[in-house]
Amino acid sequence: MKKNYMPMEKYCAEYMRYLGVAKTERRSYAESVRILEKAGFREISTFKSLKPGDKVYRGYEGRTVMAAVIGTKPVAEAGIKVVGGHTDAPRLDLKPKPLYEKGGYVYFDCHIYGGIKKYQWLVLPLALYGTIVRKDGTKVDVAIGDAPGDPVFMISDILPHLGKDQAKQTRDEFFPAEDLDVLAWTTYAKPDKKDKDKGKDEDPKADKPGLVECLKKLYGVDEEDLLSAELEIVPAGMPREVGLDRSLIAGYGHDDRVCSFAGLQALVDAAGSKPAVTASILMCDKEEIGSMGATGMQSSFFENTVAEIIERQEKNAKDIMVRRALERSTMLSADVTAVADPHFPDVNSTGNYAIFHRGPAASKYTGGTTKGGSSDCAPEFVAEIRRIMDEGGVTWQMAELGKMEKGGGGTIAQYMARFGMRVLDMGTPLLNMHAPWELASKFDCWQTYCAYSAYLRS
Ligand code: MN
Ligand code: MN
């Protein structure tokens, strides 16, 4: 097998650029489609039929995309190979009616998306991204906080001098979710003239009309248009190298853009080849809230896309062909796992934890104490992946997320395995997963890409 992978520093620079642009699932989608089209991939509806070597993608609702290089063996016979990751990440969403006033300030009222530790989102520079859809269907994209000269946003916390009561509360209690709200506008409204005349010392009034007017000027939207918006608060700032050896990358949303991008690059590398089995990637949405919704992997998007491919390969395409293709397919569920943190040794599964700089970690199963919700990969497929990784010269490790009875997690593996596909979890291990800034090892990011590349080319 040819091992011509992109070199590590070049790959990591590309990934850091992508991560800085792809701050939301919509932006990940847009940037991924741009990269795919630049590499010659075309939207599936532009193909009447598909032949070996064709490069094709299918997107859905601007948030989920699947792309493939068509193999020499028909999909109905040989199935496909999938590297499947997600591009949504834990964050704060603006509520449908987000503007409220308190103590003279205007806040964005937020709703938590995904599993976060609330305190980690306090006193950080934050950015606002998203899309507002007007009643007539026209849309406007919002991006404030990362361009040079942009303002940022922040959630305030109490000073330690007055934090005695707060300090007695537990991590979950001390900052109620309903208070995770962002300072949006603190200029007071002009006092009423009649109050002034009476010489009354009124409490300052919040200037919500001032903020609404500002939004109107910036985006041409009314307050009511926020009812049909998808606005997300994410950490402001670009990915950075970490440590004097520059061996780590700090970034928002490594989970799971680190694996999604690795798959994307591996597939782009495969463009121009004619693999035996169709090679594909999946960059999906809503994983962090249970893979529900039209763009989550509990939807029919994946099956439908396989059906669209078969429809373009077979003269008499039938539903049974889709069923068989799904059952004959295999997948690396491309999602992150945890790196052992030396300061929290109590949660590490003895001898079975992932560490930095040893490459992507494969997990035979996820779930907590009982493997609950896990698809538990068959050893036959694990053995096949071991062989492929060896032949591809990939450094990788086998790991569990953590100790039994300490918690647990899941990925999209279970939703794909229900088709009868063989699915193994394999992804980049992270420190402080789900924190506003997560840490990944450059070597592991790079080897994750090499691993997916080896799999798609095998
Ligand atoms: Mn994930
Ligand atoms: Mn996650």
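Are His-86 and Asp-255 buried or exposed? His-86 is buried, and so is Asp-255 (buried: under 20% relative accessible area; exposed: over 50%; partly exposed: in between; 1.4 Å probe, protein chains only).

This is a predicted model, in which local features need pLDDT of at least 70, side-chain atom pairs count only at pLDDT 80 or more, and totals for chains, interfaces and linings use all residues. Residues are numbered from 1 along each chain as its sequence is written, chains are lettered from A and ligands numbered from 1 in the order in which they are written, and side-chain values use heavy atoms, with hydrogens and water left out.

**View 1. The manganese site.** His-86 (NE2), Asp-255 (OD), Asp-335 (OD) and Asp-335 (OD) are the protein donors of the manganese ion (ligand 1), at 2.1 to 2.5 Å. Donors are N, O and S atoms within 2.8 Å of the metal (3.2 Å for Na, K and Ca); water is not among the atoms, so sites may look incomplete. Along the chain the donor spacing reads H-x168-D-x79-D. Asp-255 also bridges to the manganese ion (ligand 2), 3.2 Å from the manganese ion (ligand 1). His-86 sits in strand S4 (residues 80-86) and Asp-255 in helix H7 (residues 254-270), 169 residues apart. Helices (H or I, at least four residues) and strands (E, at least two) are DSSP runs, numbered from the N terminus.

**View 2. The domain interface.** Domain 1 (8-89 + 252-457) meets domain 2 (91-235), with bounds from an automatic or database domain assignment. In contact are 17 residues of domain 1 and 17 residues of domain 2 (heavy atoms within 4.5 Å). About 1,500 Å² is buried between them, 51% of it from carbon and sulfur atoms; this is the accessible area (1.4 Å probe) that two parts lose on being put together, summed over both. Lys-23, Arg-26 and Pro-436 supply 33% of the area that domain 1 buries against domain 2. Four salt bridges are counted between the domains (a side-chain nitrogen of Lys or Arg within 4 Å of a carboxyl oxygen of Asp or Glu).

**View 3. A salt bridge between two loops.** The side chains of Arg-63 and Asp-285 pair at 3.9 Å, N to O. Arg-63 lies between strand S2 (55-60) and strand S3 (64-69), and Asp-285 between strand S13 (278-284) and helix H8 (301-311), so the pair ties together parts 222 residues apart in sequence. Arg-63 is buried at 11% relative accessibility, and Asp-285 is buried at 0%. Both belong to a salt-bridge network with Arg-26, Glu-61, Glu-230 and Lys-286.
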